[in-house]
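Trainee: I am new to this structure and would like a close look at one part of it, with the surroundings filled in afterwards. Please take me through it step by step.

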Amino acid sequence: NAASNFPLRGVKNTLWEGGIRAAGFIWSPLLKERQRVSEQLFHISDWLPTLYQAAGGDASIFNNGFDGISMWDELSGNLPSKRVELLHNIDNIWGSSAIMINKWKLIVGTNYNGQWDYWYGPAGNRDISSYKIDDLLNCKAAKALASIHHMMPSSETIL
């Protein structure tokens, strides 16, 4: 497990932000507010009702017995998330679990006996200046984003 999620704490398969946050990308001419980083609380189960509503469907059909909620209005208009709680995981193998309610997060236990709880990168280096932002800005994915109406953020925005 040698991925860097700097500057977030932890790595994949941990309950810290470096292990549970994921990158996502949406584009649509229906987005009211564009070229921004979303800060809304969002769970993977929210994708189905969100995309259903974006396609013109009535997302209220998901209100009974379904974990996901439509976040289309929030994502489209950069509105506050209506989601206030999020169960991150219940891991019976490691005996760990986490839940987040509003800005509070309860973590019980740890994975890998805690050895990845504070680790940020392969060298363990937490210094921002050691990360090669220019390499990131010149990779294929960054060039593709830059070609779409200059959607790739600057190095100042990344840091």
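Mentor: E74 is the part to begin with; this residue lies in helix α3, which covers residues 72-77. Keep in mind throughout that the model is a predicted one. Is E74 buried or exposed? E74 has a relative accessibility of 7%, and because buried means under 20%, E74 counts as buried. Its contacts, once the neighbours within four places in sequence are left aside, are with R36, Q40, L79, P80, S81 and K82.

One of these contacts of E74, K82, leads to the second largest pocket, where K82 is among the lining residues. The volume of this pocket is about 210 Å³. Besides K82, the lining is made up of H43, S45, D67, I69, R83, V84, E85, L86, L87 and I99. Sorted by class, these are 5 nonpolar, 2 polar and 4 charged residues. Which element gives the most to this lining? That is strand β1, residues 85-91, with 3 residues.

R36, another contact of E74, comes right after a residue with an unusual backbone angle in this model, so a short detour follows. Q35 has a positive phi of about 50°, although Q35 is not a glycine. Q35 sits in the loop between α1 (17-20) and α2 (47-54). Its relative accessible area is 55%, and since exposed means over 50%, Q35 counts as exposed.

A similar backbone case is N113, which is not a glycine either and has a positive phi of about 55°. N113 belongs to the loop between β3 (104-108) and α4 (133-137). With a relative accessible area of 72%, N113 is exposed.

Now for the strands. Strand β2, residues 96-101, pairs with β3 in the antiparallel sense, over 5 bridges. In this pairing S97 stands opposite V108 of β3. The two strands β2 and β3 form a hairpin, and 2 residues lie between them. N102, in the turn of this hairpin, has a positive phi of about 55°.

From the hairpin one can step to T14. T14 and S97 are 83 residues apart along the chain, and their C-alpha atoms are separated by 9.6 Å. T14 is found in the segment before α1. Is T14 buried or exposed? The relative accessibility of T14 is 3%, so T14 counts as buried. Apart from neighbours within four places in sequence, T14 touches G19, I20, N111, W116 and D117.

N111, named among those contacts of T14, deserves its own look. N111 is placed in the loop between β3 and α4, which is also the loop that holds N113. The two residues can be set side by side: N111 has 4% relative accessibility and counts as buried, whereas N113 is exposed. The side chain of N111 is joined to that of S96 by a polar contact of 2.6 Å. Beyond neighbours within four places in sequence, N111 is in contact with N13, T14, D91, W94, S96 and D117.

T14 and N111 also turn up together in the lining of the largest cavity. The count of cavities of 30 Å³ or more comes to 1, and the largest cavity has a volume of about 30 Å³. Along with T14 and N111, its lining consists of L15, W16, I107, G109, T110 and D117. By class, the lining has 3 nonpolar, 4 polar and 1 charged residues. D117, a lining residue of this cavity, is a contact of T14 and also of N111.

Finally, the whole chain, for orientation. The protein has 159 residues, of which 27% count as buried; E74, T14 and N111 are examples of buried residues. There are 6 helices and 3 strands. Along the sequence they follow the pattern α-α-α-β-β-β-α-α-α. Of the contacts between residues at least 6 apart in sequence, 43% join residues at least 24 apart.

Note on methods: Residues numbered from 1 in each chain as written. Predicted model: local features only at pLDDT ≥ 70, side-chain atom pairs only at ≥ 80, totals over all residues. Heavy atoms only, no water. Helix = DSSP H or I, 4+ residues; strand = E, 2+ residues; numbered from the N terminus. Buried < 20%, exposed > 50% of the residue type's maximum accessible area, 1.4 Å probe, protein only. 1 Å grid on protein atoms, 1.4 Å probe; cavity = no way out; pocket = protein on both sides within 12 Å on 5 of 7 lines; lining within 4 Å. Points joined across faces, edges and corners; volume = space filled by probe spheres on them. Nonpolar A, V, L, I, M, F, W, Y, C, P; charged D, E, K, R; others polar. Pairing = 2+ DSSP bridges. Contact = heavy atoms within 4.5 Å. Polar contact = N/O pair within 3.5 Å; in protein donor to acceptor, adjacent residues only side chain to side chain.
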